[in-house]
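Have the model open while you read this. We'll go through some helix pairs, then a few single residues, then the chain as a whole.

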Amino acid sequence: MDQLLSYIHFPIQDPTWVFFLVLLIILLAPMVFNKLRIPHIVGMILAGVLIGEHGLNILERDSSFRLFGQVGIYYIMFLAGLEMDLVGFRHNLSKGLLFGAFTTIIPFMCGYMAGFYLLDYSVSTSLLLACIFASHTIVAYPIVVRYGLSKHPAVTISIAATMIALLCSLLFLAVISSRYKGEGDAWFWMLFVMKCMAYFAGLFLIFPPIIRLVFKYYTERVIQYIFVMAMMFFAAAMAELCGIEGLLGAFLSGLIFNRFIPHSSSLMNRIEFVGNALFIPYFLVGVGMLVNLRPLFSEMGTIGVVLVIVVVSTLSKLLASTVSRKLLGFNHAQGLIMFGLSEAHAAGAIAMVMVGTSLVVNTATGETLMPGEVLDGVVVMILISCIISSIVTDQGARRMKLQEADRTDGDSGKPSDDEKILVLLKDTSRIRNITQTAIMMRNPQLNRGLICLNVVNDADYTEQSARHSHEVLSQAEEICVAADIPVQTQSRLAVNIVNGVVHSMRENDASEIIIGLHEKVNGDMSFYGHFAQELIANMNRQLIIVDYTMPVNTIRKIIVVVAERAEYEVGFYRWVRRLARLADEIGCRIEFRTTESTGRLIHQYVNTYHQSVRTEFVLLESALPQAIETLSADINADQLLVVVTARPGGLSYRKGYNQLAKIIQERVMRRCSVMMIFPDQYGKNNEEYSFTAPLGLRYDQTKVSAWLSKWISKVG
């Protein structure tokens, strides 16, 4: 009985019950508030208000909330950098600077005037209040991620504006703090600038080689996740040592990892899952526990201060986002996103409040720079701003998705896609790279799963080969499930392996197949191996053969050498689309070496459907074999060479193409990663496009390919 009474003693301090109650809130908040059509982020904050020491006093904000809360806000900033569209960010940098300037200057001026003229505070206190108004935290970022809008321009410039506002506010806060601490001399600022320069240089010059090295030699999922988290906290800790807020360090580390963690990878799925399931909700509950509403009902003077702070801070952010929206030409839904993401005051405001309460302005009375009623007002402002931010962001994201759906439904010219990718697996050492390639190439909007196949020759079937087949497919399934990708595994017995693969493709109506290069490369065996060579000759659908020398996510550049007249093949746009997705997922440049007419069509397609992909075009001045031979001298180990060729009898096939395998084997193999693509050769491709020919005539690619194929067969 005594033990039971100790459990119900409030505030509860037993770690087991504390963790259970927090998990219960994280579980129930989405269930309850989704029914009410209110973002569950609001529910977690309100739950924190209810159970905190200023509410029912069920839990106290102990060290666990401070620890997990710090991890949670770092997680939000890290994910913002990790999922940011870097190409879109560069294109919209000027817009982000404009919005950042408005959302910093307007709230800063409003905060100073509210503190100095309306609340009759000192200049220093008014400036501190202005810094709090100017800064904001993207608390509602998980909402835009849930709607799939993390790469939208409105979100990208809002994140950029957040960094600008936070950095400017913290720098001004440092000026105020140094004045009271007696550290504002020239040497202090010179040392501060030198530390910041060293920090940024170390971050962007030292981090990438270390990340590439670890990802290359350590593919175990737990090691990679712990490594990512350790680097994030190291960047945040070093930022704080330099006098910068750790939030900025977490965000910058996310930008650096952006290049190495594809959005569709299993590692990205684990990072998002752990953050959204535990750390970010813990932070939101902890924010709610800071709020004290009692002074609003007991002290009349506090009510006025709170109203001024809440109303002025909200209206100033609304004014900044409205002015920026109109100047940038965004619609109302995008304006809601901008306001929602820039409205919440959380981490930055809390840090500034702590600094303000530690600065003593009168040693005799112990008066601090942050009066008690201002502290109460700021904390209530944090609560209300987080609620407004979550609701407005949810409404804006919902409207934007509806607008996108309307445009998609009305776009009858958008190409269809018969995508069903079959992955043939055999060697366990190549499963991860081959499967990851298929995952990156798939269309996430269609959400169609992969078909992972292992074929065993009936004559070679033994208990050991059965175990090997099960092991291979289990590993592939584990990779797909970890990345939240639907997968179907198949193990087949066949008298002839090639026939088994072809039959499986027909049964599953697969659009293409991805395989690895055979293990043995020597003078006794052809480059492709007997199996792959027969597969090339016996199927007409797209075939992709890959051989990686390093993990696919560490590739820095894709070089695509395209056969002349490749645009006349039926499968032309299919491989262009797959490579564009691959480059977009890896976040690397893709260079096309092709003829002028073919390059014009590739550029038109990529510029229309994959605008975030960074493309380069180099004119192909020689035949395909000679071009690869010339290129081999400049190829690097961290590059992927893609050769788009054709099968004998194809419209783009030339006699010299039978030397491609020998040239690649002698000049390129083991020097870099290699991919061979044999496009769809005959039949009707469901991805139909029209394009403009070099002579200005407009014609349909599928019809022309069919006509040329028929003409060639007659001539032959």
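## H11 against H13

Helices H11 and H13 are oblique to each other, because their angle falls outside the named ranges: under 35 degrees is roughly parallel, over 145 roughly antiparallel, 65 to 115 roughly perpendicular, and the rest oblique. H11 covers residues 221-241 and H13 covers residues 266-290; their axes come within 10 Å and cross at roughly 60°. The axes here are lines fitted to C-alpha atoms, for helices over the stretch in contact, with angles running from 0 to 180 degrees between N-to-C directions. The helices themselves (H or I, at least four residues) and the strands (E, at least two) are DSSP runs, numbered from the N terminus. This is a predicted model, where local features need pLDDT of at least 70 and side-chain atom pairs count only at pLDDT 80 or more, while totals for chains, interfaces and linings use all residues. Residues are numbered from 1 along each chain as its sequence is written, and side-chain values use heavy atoms, with hydrogens and water left out.

The H11 and H13 crossing is right-handed, meaning that the near helix is turned clockwise from the far one by less than a right angle (anticlockwise would be left-handed). On the H11 side, Arg-221, Gln-224, Tyr-225 and Val-228 make the contact, and they meet Leu-267, Arg-270, Ile-271, Val-274 and Phe-279 of H13. Contact means heavy atoms within 4.5 Å. By class, the residues of this contact split into 6 nonpolar, 1 polar and 2 charged. In that scheme Ala, Val, Leu, Ile, Met, Phe, Trp, Tyr, Cys and Pro are nonpolar, Asp, Glu, Lys and Arg are charged, and the others, Gly among them, are polar.

## H10 against H11

H11 also packs with helix H10 (residues 186-217), at an angle of about 170° and with the axes 11 Å apart. That makes H10 roughly antiparallel to H11. The contact of H10 with H11 has 15 nonpolar residues, 1 polar and 1 charged.

Look along H10 for Lys-195, Tyr-199, Leu-203 and Phe-207, which are among the residues that meet H11. Their partners on the H11 side include Gln-224, Phe-227, Val-228 and Met-231. Two of these, Gln-224 and Val-228, also turn up in the contact with H13.

## H4 against H12

Now find helix H4 (residues 63-82) and helix H12 (residues 246-258), whose axes come within 7 Å and cross at roughly 35°. Their crossing is right-handed. H4 brings residues including Ile-73, Tyr-74, Met-77 and Phe-78, and H12 brings residues including Leu-247, Ala-250, Phe-251 and Phe-257. The contact of H4 with H12 counts 11 nonpolar and 5 polar residues, with no charged ones.

## Phe-283, Thr-104 and Cys-168

Where does Phe-283 sit? Its place is in helix H13. Phe-283 is buried, at a relative accessible area of 5%; buried means under 20%, exposed over 50% and partly exposed in between (1.4 Å probe, protein chains only). Not counting residues up to four places away in sequence, Phe-283 touches Gly-69, Gly-72, Ile-73, Ile-76, Val-139 and Ala-346. The C-alpha atoms of Phe-283 and Ile-76 are separated by 9.8 Å, although the two residues are 207 apart along the chain.

Thr-104 lies in helix H6 (residues 93-118) and is buried, at 10% relative accessibility. Beyond its neighbours within four places in sequence, Thr-104 is in contact with Ala-134, Ile-164, Ala-165 and Cys-168. Cys-168 belongs to helix H9 (residues 153-181) and counts as partly exposed, at 38% relative accessibility. The C-alpha atoms of Cys-168 and Ser-135 are 8.1 Å apart, with their positions 33 residues apart along the chain.

## Two loop residues with positive phi

Asp-484 isn't a glycine, yet its phi is positive, about 60°. Asp-484 lies in the loop between helix H20 (463-482) and strand E5 (487-494) and is exposed, with a relative accessible area of 58%.

Arg-565 isn't a glycine either, and its phi is about 65°. Arg-565 is in the loop between strand E8 (557-562) and helix H23 (572-586), and at 33% relative accessibility it counts as partly exposed.

## The whole chain

The chain has 27 helices and 14 strands. Of its 716 residues, 55% count as buried.
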